[in-house]
Amino acid sequence: MSVNLRSVFAFAKEYHQKKESQKDIQYGTAGFRSHADNLDYVMYRMGLLAALRSRAKASQAIGVMITASHNPEHDNGVKLIDPLGEMLEQRWEQLATDLVNVPDSGLEAQVAKICEDEQIDNNEPAKVFVGMDTRYHSPQLSRAVVNGILALKGTVTEFGIVTTPMLHYFVTCTNTQNAYGLPTEEGYMGKLIAAFKALRGEQAEPGNYRNQLYYDGANGVGSLKMLGFIKKLNGALNVKVFNSNGKINFKCGADFVKTNHRVPEGLPEEAALASGRCCSVDGDADRVVYYFTDKEGTFRLLDGDRIATLLAGYLKDLIEQCGVQLEMGLVQTAYANGASTDYIVNRMKIPVSCTRTGVKHLHHKALEYDVGVYFEANGHGTIIYSEKAKQAIRAASQDESRTEEQRKTAARLLQIIDLTNETVGDAISDMLLVESVLHAKGWNLDDWLASYTDLPNVLEKVYLADRNVIAVTDADRVVVAPAGLQDSINEIVAKFPKGRSFVRPSGTEDIVRVYAEADTRANAVQLAFEVANLVFDQAGGVGSRPVKMEG
C-alpha cells in the first residue's frame with residue numbers, strides 16, 4: 001500500500017475545496033461545528049486526519065461521528081473518537097485545527113508535516129469507523145469524510161445512523177478485541193437490555209415507582225433507537241416515545257428543557273403531571289434530563305446533577321454493603337448547582353472534584369478514582385470503573401467467606417457495570433441506570449427531588465464579535481481577560497444572597513454563556529441579567545442587548 005500525498009491535494013481541490021472566504025474554525029469541546037453548508041472541506045480533512053490518527057495509534061480503529069448534538073437542524077459537526085472511546089487527544093485537537101484551516105495549496109504539505117512530526121508510516125493499515133445522526137445533510141457530509149479516509153488508503157466501516165455513544169462503544173469493543181462487547185448495534189442493545197432485566201427482577205412497581213416513562217427523542221436518532229429498544233425490553237420498561245419525526249432539537253430535547261425550564265412541545269399534557277415521569281435526550285442521544293410538573297403546577301427538573309447524586313449514592317451503598325474497599329469520587333463542572341455539591345460532600349460524604357467544562361476533562365479526572373462518577377449539569381455523563389474495582393467486585397461475588405447477601409450485592413454491582421456505557425455519556429444507558437435505581441428504591445420523581453433543594457439558577461447567552469476576548473481559569477470559574485471584568489462580576493454577585501455567577505466562552509460559537517444562581521428565582525434572574533449586560537459592554541457584545549428572563 002502506497003499513499004500519494006499529491007493525489008490527496010488534487011482530490012481536495014477537485015471535490016472538496018476550501019473557499020478563500022471561509023474563515024478559520026477551531027476544534028472545540030465537541031469537535032468542529034458550523035452551518036452544514038460550510039463543512040464539506042472540513043469533513044474531507046477530518047477523514048484524512050482520522051486515517052493518520054489510526055496509523056499513529058498502531059492501526060487501531062478511530063471513530064468519526066458526524067453530529068451537531070443539541071444544535072439546530074441547519075448545523076452539523078464532526079468529532080474524532082480515540083481507541084478506547086475517549087475524545088481526541090488534546091494535542092491532536094491543534095493538529096485538527098491546523099489541518100482544517102490551511103489553504104488548499106498547503107494541504108499536501110500539512111499532511112506531510114503531520115506524518116513527519118508524528119512519525120506516521122503511511123504503509124501501515126488505517127481503520128476508521130464512521131457514524132452520523134439524522135440531519136438531512138449528514139449523508140452528504142459522511143461521503144466527504146469517507147473520501148478523505150480512502151484518499152489515504154484507509155479502511156472504512158460505515159455504521160450509518162447511530163447515536164454518538166453507540167459509535168464510541170463500537171470503537172472500544174473493536175480495540176479491546178470484543179472484551180467490552182460486540183461492536184454491533186445488536187451487541188450494544190443486547191448488553192444493556194440483559195443487564196437491565198437482570199437488575200429489575202420480577203417486581204414491576206415497588207413502592208411509589210410506576211412502570212411508565214414518557215420519552216422525548218428530540219426528533220433525532222435517540223427516538224429511532226429507543227423504538228428498537230422498546231421491542232426488546234418486552235414490557236420490562238413501558239416507554240412512550242414522542243418527538244420522533246420533526247425538526248431535530250426544535251422546541252424539544254434535553255437542551256431545550258434544561259435551558260427553558262419547561263416541558264418540550266410534542267408531549268401530551270398528561271405526561272408531565274405529578275403522576276408522570278418524563279425524560280428528554282438530545283439530538284445525538286448523549287445527554288438526558290428528567291422532569292415533571294408537581295401538584296402545584298410547578299415544573300421540576302432533575303438534571304445531570306440530580307442523576308449524578310442518585311447514581312453515586314446508590315453505588316456507595318452497594319459498595320459498602322458488599323464490603324469492598326474502593327475509592328469513589330464524583331466529578332462536576334462549575335455549572336453544577338451549589339446545593340448538589342453541598343449535598344454530595346456533606347451528606348453523602350463523597351469527594352467532589354471540579355474540572356473545566358467539557359466531557360473530556362471530566363472523563364480524564366474520573367479515571368483517577370476506582371469508581372468515578374461524572375456528569376455535567378446538562379445531563380451528559382457516565383460512570384467509570386477501574387480494572388481494580390471490577391476485579392474486586394467480581395471476586396466478592398464469588399467469595400464463599402462472604403455472606404450470601406454480600407455476594408448478591410456484588411453481583412448486582414456487576415450488572416450495573418454492564419448497564420453502564422463507560423466510554424462516554426450515553427442518554428439511553430444513563431436512562432436505564434436511573435430507572436434501575438428508582439425501581440430499586442421504589443421512588444417516584446417526587447421522592448428523588450426531595451433528597452435536596454436546588455438553588456434557583458439561570459443560564460444566559462451573550463453574543464460577541466469574538467469569543468476569544470474572554471479568557472478563563474480555575475475550571476472556567478474565573479475570568480482573567482478582559483482585565484477588570486472578574487472584579488466587576490464579583491461586585492454584582494456580592495449583592496445577592498447565596499449568589500454565584502461565572503462566564504464562559506463557547507468552544508464552537510462567538511457566544512459567552514453566563515451562569516447565575518441565588519437564593520430565589522427572582523434574584524438568580526436579576527443576577528444573570530446584570531452580569532450578561534456587563535459582559536456585553538466589556539467584551540464587545542453584538543446584536544441586541546441581553547434582556548431579563550421571566551422570573
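Start by selecting α12: this helix of the predicted model is mostly covered, with six of its eight residues buried. Colour V359, K360, H361, L362, H363 and A366, and you have the buried ones. Now show what surrounds them. The cover over these residues includes α3 as well as four strands, β11 (328–333), β12 (352–355), β13 (371–375) and β14.

Keep α12 on screen and turn on a pocket surface. Which element gives the most to the lining of the second largest pocket? That's α12, with five residues. The pocket itself holds about 880 Å³ of space. Its lining runs to 33 residues, and the ones closest to the centre are L84, E86, H363, L367 and I384. Pick H363 in that group: you've already coloured this residue as one of the buried positions of α12. For the rest of the wall, show the other elements that give two or more residues: β14 (381–385), α13 (387–398) and α14 (404–419) join α12 here.

Next stop, α3, which you met as part of the cover over α12. Select residues 90–101 and put a distance between the end C-alphas. The 12 residues reach 17 Å from first to last, close to the 16 Å expected at 1.5 Å a residue. Then colour the buried positions: W92, E93, L95, A96, T97, L99, V100 and N101. What lies over them? The cover includes β1 (32–35), α2 (40–56), α4 (107–117) and, returning the favour, α12 (359–366).

While W92 is still highlighted, add R53 as sticks. The charged end of R53 sits over the W92 ring, 4.8 Å from the ring centre. For a second example, jump to R306 and Y452: here the charged end of R306 sits over the tyrosine ring, 3.8 Å from its centre.

Back to the helices, and on to α4, where you'll find Q110. Is Q110 buried or exposed? Its relative accessible area is 17%, so with the cut-off for buried at under 20% Q110 counts as buried. Leave out the neighbours within four places in sequence, and Q110 is in contact with D98, L99 and V102. L99 should look familiar from the buried list of α3.

Now for the aromatics. The model has 16 aromatic pairs. Zoom in on Y169 and Y188: their ring centres are 5.3 Å apart and the planes meet at 75 degrees, so this pair is edge-to-face. The two residues link distant parts of the chain, with Y169 in helix α6 (residues 164–175) and Y188 in helix α7, 19 residues apart. Both partners are out of the way of solvent probes by the numbers: Y169 is buried at 3% relative accessibility, and Y188 is buried at 1%. Now widen the selection to F129, F159, Y169, F170, Y180, Y188 and F229, which form one aromatic cluster.

Last stop: follow the chain on from α7 (185–200). In the loop between that helix and β6 (213–216) you'll come to G207. After those buried tyrosines, G207 makes a change, as this glycine is exposed, with a relative accessible area of 54%. Add N444 to the selection and draw a line between the two C-alpha atoms. How far apart are G207 and N444 along the chain, and how far in space? They are 237 residues apart along the chain, while their C-alpha atoms are separated by 8.5 Å.

Terms used
Residues numbered from 1 in each chain as written. Predicted model: local features only at pLDDT ≥ 70, side-chain atom pairs only at ≥ 80, totals over all residues. Heavy atoms only, no water. Buried < 20%, exposed > 50% of the residue type's maximum accessible area, 1.4 Å probe, protein only. Phe/Tyr/Trp six-rings, centres within 6.5 Å; stacked < 30°, edge-to-face > 60°. Lys NZ or Arg CZ within 6 Å of the ring centre and 35° of its normal. Expected span 1.5 Å × (residues − 1). Contact = heavy atoms within 4.5 Å. 1 Å grid on protein atoms, 1.4 Å probe; cavity = no way out; pocket = protein on both sides within 12 Å on 5 of 7 lines; lining within 4 Å. Points joined across faces, edges and corners; volume = space filled by probe spheres on them.
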